[in-house]
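The following exercises concern a protein–DNA model and are to be solved with the coordinates at hand. Each task is followed by a solution in steps.

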There are 2 protein chains.
Amino acid sequence: MKPVNLKELARELNLSVSTVSRALRDSWEISTPTKQRVSDLARKMNFQPNPYASSLRKRHSRTIALVIPEIANNFFALAIKGIETVAREKGYHVLIYLTNEEVEEEIAIANSLQSGRVDGVIMSLCGSMQDTEHLLELQQRNLPLVFFDRVSETVAAPKVITNDYESGFIATEHLFHAGCRRIAHLTMSMDLSISQRRQQGYTDALTRYELSIHPERVIHSGRDESNTYQRIKALFLSEERPDGVFASVEKLAVLVYHICRELQLKIPDDIKVISFSNLLTASLLNPSLTTIAQPAYEMGREAAAILFRRLEKKTSEDRVMLPAALEVRQSTRAGS
Amino acid sequence: MKPVNLKELARELNLSVSTVSRALRDSWEISTPTKQRVSDLARKMNFQPNPYASSLRKRHSRTIALVIPEIANNFFALAIKGIETVAREKGYHVLIYLTNEEVEEEIAIANSLQSGRVDGVIMSLCGSMQDTEHLLELQQRNLPLVFFDRVSETVAAPKVITNDYESGFIATEHLFHAGCRRIAHLTMSMDLSISQRRQQGYTDALTRYELSIHPERVIHSGRDESNTYQRIKALFLSEERPDGVFASVEKLAVLVYHICRELQLKIPDDIKVISFSNLLTASLLNPSLTTIAQPAYEMGREAAAILFRRLEKKTSEDRVMLPAALEVRQSTRAGS
DNA sequence: CTGAAAGCGCTTACAG
DNA sequence: CTGAAAGCGCTTACAG
């Protein structure tokens, strides 16, 4: 069945294409009876305006892009849900792109977004992203850009984040008070040293501890997960074995659980574990996992709301910081 | 910065728009030196063809829609990843839509997809979907449609599924052999009775047990999760308390864990639990959860591959059934 | 090998 | 209140 277009509606109604178009958009220029006739027939013939024609003409697409590093992660899944919900309320469509934590993919995706395919972009950066050229180019195209969670401080765009620095500090203090003295931080940022990340203004679970006390204890993970497994395992077998682990993503906490099981290390007795995580099953793990949970859904909603405010040329916040919540469970229980 | 278009490139090069267009598409009609000049300038001016103009002209969009019932579920997250990966390899874009398990939203989304915005659709249906009109209308528009996991047997479209019926049987047998005699099946399909689902050809974790032995023991969940919690809890407190639970989605298994904790019921001693699930943490739960894991990522890839084969007018399978894997863990350990 | 022209299906400034 | 016309930025059949 060939889709019906304005021209056919017009012919059928003995009206001009312009009148039909205006009637469908409920223009004040059109008489009520005409509007009625037009909308009746449109419904009857199941008319659907071609979105590409109107996007071309109106020079916007009612489509946004969502670029995230991964998806099998409850935080991002919930954030997507928040974004999709707000977008659909506003009549917008959402294109999804996964970078798989790979810088090259993020750059390729950002470049392809320069084509005018979308009216705006919501992004969460790769862990190891230090390059900002692809982001700046997006802005040069006047494409509104909103960051969430993994943001770039050097690019001037609205950011929706949690109080990571503070949370990181709280988490580290929590481990300290539970008796930990050799704390290892596990992050997904493979390539960047702490000081580089600091310079780049890259925000993540940076902590005072990490920055000032034992930067050499930070293990950077990355795309090669088997390798990460080996590296953490080696650390746990070494003289340097930590008595506390702070994971910046749940994937790494899960890895630590598996490694501890393999090495027969007891959590929390031998090693205490805390993680940034939105795992629904945190309280059901053995032992239950102490987490810092981010309000993922709300962050998604907020990022989308800010983007749409920008698209409507309204002013919007430049920075929204939502509180993350420490949920203390068994994995950091103080020794007896 | 205003984006550059073909006309400006042509003016700059003293060529016609047609020639520039052809040169960029590497047409055999254009001389090599001209192609070189054109592509050099295009790169220099950062030319990006307007996708809406070419979609309008070519009458296809290199965009597909992905419609799924929920996202905070490892199965769907991994399936999305598979689909996005294949789509990007093929140069396609992916619009994502969440129905939130609501029939009305699924219908509204399907209807909006009739506009020609996408070249094809990949869908996983709401648990309680029995209506198929919106799906048939999509097909009447000649929009290629591929189902995965939650499929409609009455709509003639390719389906990517796992051997649910067989897996359900195996799971039920497994519970039986572990000593269960009062097995409750938990599903997300709120509105449909088993026989209705059978009639509709709706495929899910239907089992021989469910169909033939104790259909009255099936608890249908739905969007109101607190209510589901209460209903399961009531069941567990009743005379009818099951000694085995088979959950068709991990969300329900997690609910059961929480309820058992609240009621101080021991898994697996008082109740054994098995679930369709792709939870990464299944083996880390307390007790570890026996699962039937679906090859989610592969199912996503397969669904996308079939859709693209259809878009390229090649023939494709009508039905791909991948094996799910029973992973026996502590939650179904036989009593001593 | 290159160009002029038509057209994809809309929207909207202009005219009446 | 309605219509004719131009144009959004491409692609492609036709002509040379």
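A residue is near a molecule or strand if one of its heavy atoms lies within 4 Å of it. The model is predicted.

**Exercise 1. Determine which residues surround DNA strand D, and how the surface near that strand is composed.**

Solution.
Step 1. Under the 4 Å criterion, 26 residues surround DNA strand D. The closest are A:Thr19, A:Arg22, A:Arg59, B:Ser21 and B:Arg57.
Step 2. Sorted by class, the surface near DNA strand D comprises 8 nonpolar, 10 polar and 8 charged residues.
Step 3. Helix 2 and helix 4 of chain A, together with helix 2 and helix 4 of chain B, each supply at least two residues of that surface.
Step 4. On the DNA side, 62% of the atoms of strand D within 4 Å of the protein belong to sugar or phosphate, and the rest belong to bases.

**Exercise 2. Identify the parts of DNA strand D that A:Ser16, A:Arg22 and A:Thr34 approach with N or O atoms.**

Solution.
Step 1. For A:Ser16, a backbone N or O atom lies 2.9 Å from a phosphate oxygen of DNA strand D.
Step 2. For A:Thr34, a polar side-chain atom is found 2.9 Å from a phosphate oxygen of DNA strand D.
Step 3. For A:Arg22, the partner is a base oxygen of DNA strand D, at 2.6 Å from a polar side-chain atom.

**Exercise 3. Carry out the analysis for DNA strand C: which residues surround the strand, and which polar pairs involve its phosphate oxygens?**

Solution.
Step 1. DNA strand C is surrounded by 27 residues, the closest being A:Ser21, A:Arg57, B:Thr19, B:Arg22 and B:Arg59. Of the atoms of DNA strand C that come within 4 Å of the protein, sugar and phosphate account for 60%.
Step 2. The surface near DNA strand C divides into 9 nonpolar, 10 polar and 8 charged residues. Helix 2 (17–24) and helix 4 (51–58) of chain A and helix 2 (17–24) and helix 4 (51–58) of chain B each supply at least two residues of this surface.
Step 3. Among the pairs with a phosphate oxygen of DNA strand C, a polar side-chain atom of B:Arg59 is at 2.5 Å. A side-chain N or O atom of B:Thr19 is at 2.7 Å, and a polar side-chain atom of A:Arg25 is at 3.1 Å.

**Exercise 4. Classify the packing of helix 2 of chain A against helix 3 of chain A, and list the residues that meet.**

Solution.
Step 1. The axes of helix 2 and helix 3 (residues 32–44) of chain A are 9 Å apart, and the two helices pack at an angle of about 85 degrees.
Step 2. Angles of 65 to 115 degrees count as roughly perpendicular. Helix 2 and helix 3 of chain A are therefore roughly perpendicular to each other.
Step 3. From helix 2 of chain A, A:Thr19, A:Val20, A:Ala23 and A:Leu24 meet A:Thr34, A:Lys35, A:Val38 and A:Ala42 in helix 3 of chain A. By class, this contact has 5 nonpolar, 2 polar and 1 charged residues.

**Exercise 5. Describe the extent of the contact between chain A and chain B.**

Solution.
Step 1. Chain A contributes 51 residues to the contact and chain B contributes 51 residues.
Step 2. The area buried between the chains is about 5,200 Å², and carbon and sulfur atoms give 58% of this area.
Step 3. On the chain A side, A:Tyr52, A:Arg141 and A:Leu284 lose the most area to chain B, together 16% of what that side buries.

**Exercise 6. Locate A:Pro268, A:Pro287 and A:Asp149, and state the backbone feature associated with each residue.**

Solution.
Step 1. Most residues other than glycine have a negative phi, and most peptide bonds are trans.
Step 2. The peptide bond from A:Ile267 to A:Pro268 is cis, with omega near 5 degrees. A:Pro268 belongs to the loop between helix 12 (250–263) and strand 9 (272–276) of chain A.
Step 3. A:Asn286 and A:Pro287 are also joined by a cis peptide bond, with omega about -5 degrees. A:Pro287 is situated in the loop between strand 9 and strand 10 (290–293) of chain A.
Step 4. A:Asp149 is not a glycine, yet has a positive phi of about 60 degrees. A:Asp149 occurs in the loop between strand 4 (145–148) and strand 5 (159–162) of chain A.

Key
Residues numbered from 1 in each chain as written. Chains lettered and ligands numbered in written order. Predicted model: local features only at pLDDT ≥ 70, side-chain atom pairs only at ≥ 80, totals over all residues. Heavy atoms only, no water. Polar contact = N/O pair within 3.5 Å; in protein donor to acceptor, adjacent residues only side chain to side chain. Helix = DSSP H or I, 4+ residues; strand = E, 2+ residues; numbered from the N terminus. Nonpolar A, V, L, I, M, F, W, Y, C, P; charged D, E, K, R; others polar. Contact = heavy atoms within 4.5 Å. Buried area = accessible area lost by both parts, 1.4 Å probe. Axes fitted to C-alpha atoms, helices over the stretch in contact; angles between N-to-C directions. Parallel < 35°, antiparallel > 145°, perpendicular 65-115°, else oblique.
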